[in-house]
Amino acid sequence: MTLLSEDKPSRFPEPGNHITAMEPYSVDCGSKGDFANSIESTVFGSVEPPRRSRGRLIMHGVVMFGREFCYAVEAAFVTPVLLSVGLPRSLYSLVWLISPLLGFILQPVIGSASDYCRSRWGRRRPYILSLGIMMLVGITMFLNGDAVVSAIVRHRGVKRTWSIVVVMFGVVLFDFAADFIDGPVKAYLFDVCSYQDKERGLHYHALLTGLGGACGYLIGAMDWGHSALGVLLGSEYQVIYFFSALTWTFFLTVHLFSIPEKPLSKQLTSESSAPTAPLIVASDGTGYGALSKELLPTPELRPRSFSALSEANAVTSSAKQPSKEVQKRMTLKSLLSAMINMPTHYRCLCVSHLLGWTAFLCNMLFFTDFMGQIVYKGNPYAPHNTTAYATYERGVEMGCWGLCINAVSSALYSYAQRLMLPYIGLKGLYFMGYFVFGLGTSLIGLYPNIISTLSLCSVFGVMSSTLYTIPFNLISEYHKQEEDQRKQGKEDPSVQGRGTGVDCAALTCMVQLAQIIVGAGLGALVNLAGSVVVVVLSASTMSLVGCLFIAVFIRHVD
């Protein structure tokens with residue numbers, strides 16, 4: 001008895017013989033690599049986004065230029081503006097405390113919400129637009145709050161209170177939105193680009209981030225108060241707001257219309273209708289219609305991923321929240337659990353990262369105020385029509401030039417790192433970055449004059465480039481060593497199941513924790529010492545302590 005088929009008949013087996021597979025449906029899988037490639041093309045062929053042109057990727061990345069431009073304005077002017085409206089010296093660092101606290105609580109929530117957004121405009125762009133509007137409102141209140149309150153309120157005491165409230169609310173709102181917008185922007189890039197274009201897109205993000213920071217500091221370094229535009233708009237802060245708002249609005253609009261984004265409902269529809277491989281495998285491998293285990297290798301199929309370190313290599317990005325894309329896939333509880341149970345060498349790396357960012361933020365967030373009060377000997381509390389206040393403003397402008405030097409030197413040093421790496425290694429580069437920054441800031445604090453201070457601003461870029469690259473490269477090397485040990489059967493149980501993502505997220509949390517420490521303690525320290533010079537000396541002390549910690553506790557890698 002036979003069963004007819006197009007190719008050849010299939011006969012029933014002789015009595016007593018067990019059926020292990022239907023012959024007409026036997027599969028020639030070939031080599032394991034060919035099989036994996038065939039399965040990958042079947043699974044991912046329908047969901048892999050098309051290649052994007054260079055112009056589209058640049059249009060997508062210009063939002064980072066606008067974001068960093070506004071970030072530079074905030075970093076340069078937030079302390080001078082808060083002091084000029086009358087905020088007590090002991091409280092002015094608290095403004096940096098609120099945003100990172102909100103970040104710890106709300107960041108996993110916002111990241112998860114954007115993953116499941118069902119807007120017809122896509123999953124990410126509605127959140128990018130909302131956060132972009134919040135940034136615009138925040139910088140409007142931050143730079144114009146004092147002028148608006150002064151025009152409405154006449155009573156001096158009430159005017160001072162409301163000016164402080166409005167300006168502080170604007171700073172917190174802007175800082176919150178600017179910190180959080182990075183995650184949806186990166187997710188937008190990863191959703192609409194192929195694997196190769198993700199790498200190219202991150203490169204453009206890094207380049208435009210550096211250019212945006214340099215341009216923002218340059219705008220702040222110019223004397224707009226005596227220009228025709230300053231006379232027309234009313235003051236220097238209004239001119240800077242004009243350029244910031246125009247730049248951010250234009251580049252945000254270009255970004256939102258750069259690459260079409262498929263709504264989640266259409267993504268689910270296309271995924272459900274995607275072809276699947278016709279594999280029939282029984283649970284025990286011996287049942288009816290089962291394929292031989294030798295003929296069916298099981299490849300490790302996983303979604304196409306991006307390089308987590310490419311984002312971390314944005315050497316001139318803001319001193320706030322680097323590598324946020326790593327965090328948005330995990331909850332606060334899982335992140336804290338992973339940090340508590342991490343191996344010793346990862347924990348030591350997090351401690352050194354915390355020391356480095358604490359030192360860096362101590363200096364960067366209050367550097368323009370240091371230039372105005374200590375180097376130029378101005379007074380931010382003086383009336384705005386006095387020589388003392390004008391001198392303070394000139395110091396702030398010169399501080400912006402120093403921060404611009406920091407942005408340029410950071411980009412240059414990132415290339416110098418590649419040349420020095422074969423000679424001194426990652427641990428040597430890590431130690432040198434902290435040591436150079438600690439030595440430079442100590443000289444600035446001890447000998448505060450204009451020429452030496454501006455010259456030593458280049459060490460800020462050395463520290464910036466070090467913090468954005470070396471720790472993440474060390475994590476990559478640690479994971480590579482663990483992978484080699486795993487292949488040799490020598491896996492350490494303490495590192496079993498750890499991924500690069502959770503360790504990068506732990507490093508990112510050290511940045512937020514450093515910001516909380518600076519916000520909570522530095523204002524009281526300045527009030528206790530009675531001088532802003534303690535800010536720079538604190539940065540130097542923390543950096544040199546970090547040097548010793550790196551030398552003793554950071555694991556060396558070949």
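## Exercises on a predicted model

Helices α14 (387–446) and α18 (533–553) each supply at least two residues of a nonpolar surface patch. The structure is a predicted model.

**Exercise 1.** Determine which helix gives the most to the nonpolar patch, and where Y447 is placed.

*Solution.*
1. The patch covers about 710 Å² and is made by F431, F435, L439, L443, L446, Y447, L537 and L544.
2. Helix α14 gives the most, with five residues.
3. Y447 is found in the loop between α14 and α15 (450–456).
4. Y447 counts as exposed because its relative accessibility is 53%, and exposed means over 50%.

**Exercise 2.** Find the two salt bridges of the structure and state whether the residues of each are buried or partly exposed.

*Solution.*
1. Side chains of opposite charge can pair when their charged atoms come close.
2. One salt bridge joins E68 and R67, whose closest N and O atoms are 4.0 Å apart.
3. Buried means under 20% relative accessible area; E68 is therefore buried at 6%, and R67 is buried at 4%.
4. The side chains of E483 and R486 form a salt bridge with an N to O distance of 2.4 Å.
5. Both E483 and R486 belong to helix α16 (residues 458–487), where they are three residues apart, about one turn of the helix.
6. E483 has 33% relative accessibility, so it counts as partly exposed; R486, at 31%, is also partly exposed.

**Exercise 3.** Describe the phi value and the location of K377.

*Solution.*
1. Most residues other than glycine have a negative phi.
2. K377 has a positive phi, near 60°.
3. K377 lies in the loop between α13 (367–375) and α14.
4. K377 counts as exposed because its relative accessibility is 66%.

Key:
Residues numbered from 1 in each chain as written. Predicted model: local features only at pLDDT ≥ 70, side-chain atom pairs only at ≥ 80, totals over all residues. Heavy atoms only, no water. Patch = residues over 30% accessible without salt bridge, like charges linked within 9 Å, V, L, I, M, F, W, Y side chains within 5 Å. Areas by Shrake-Rupley, 256 points an atom, 1.4 Å probe, with all protein chains shown as cover. Helix = DSSP H or I, 4+ residues; strand = E, 2+ residues; numbered from the N terminus. Buried < 20%, exposed > 50% of the residue type's maximum accessible area, 1.4 Å probe, protein only.
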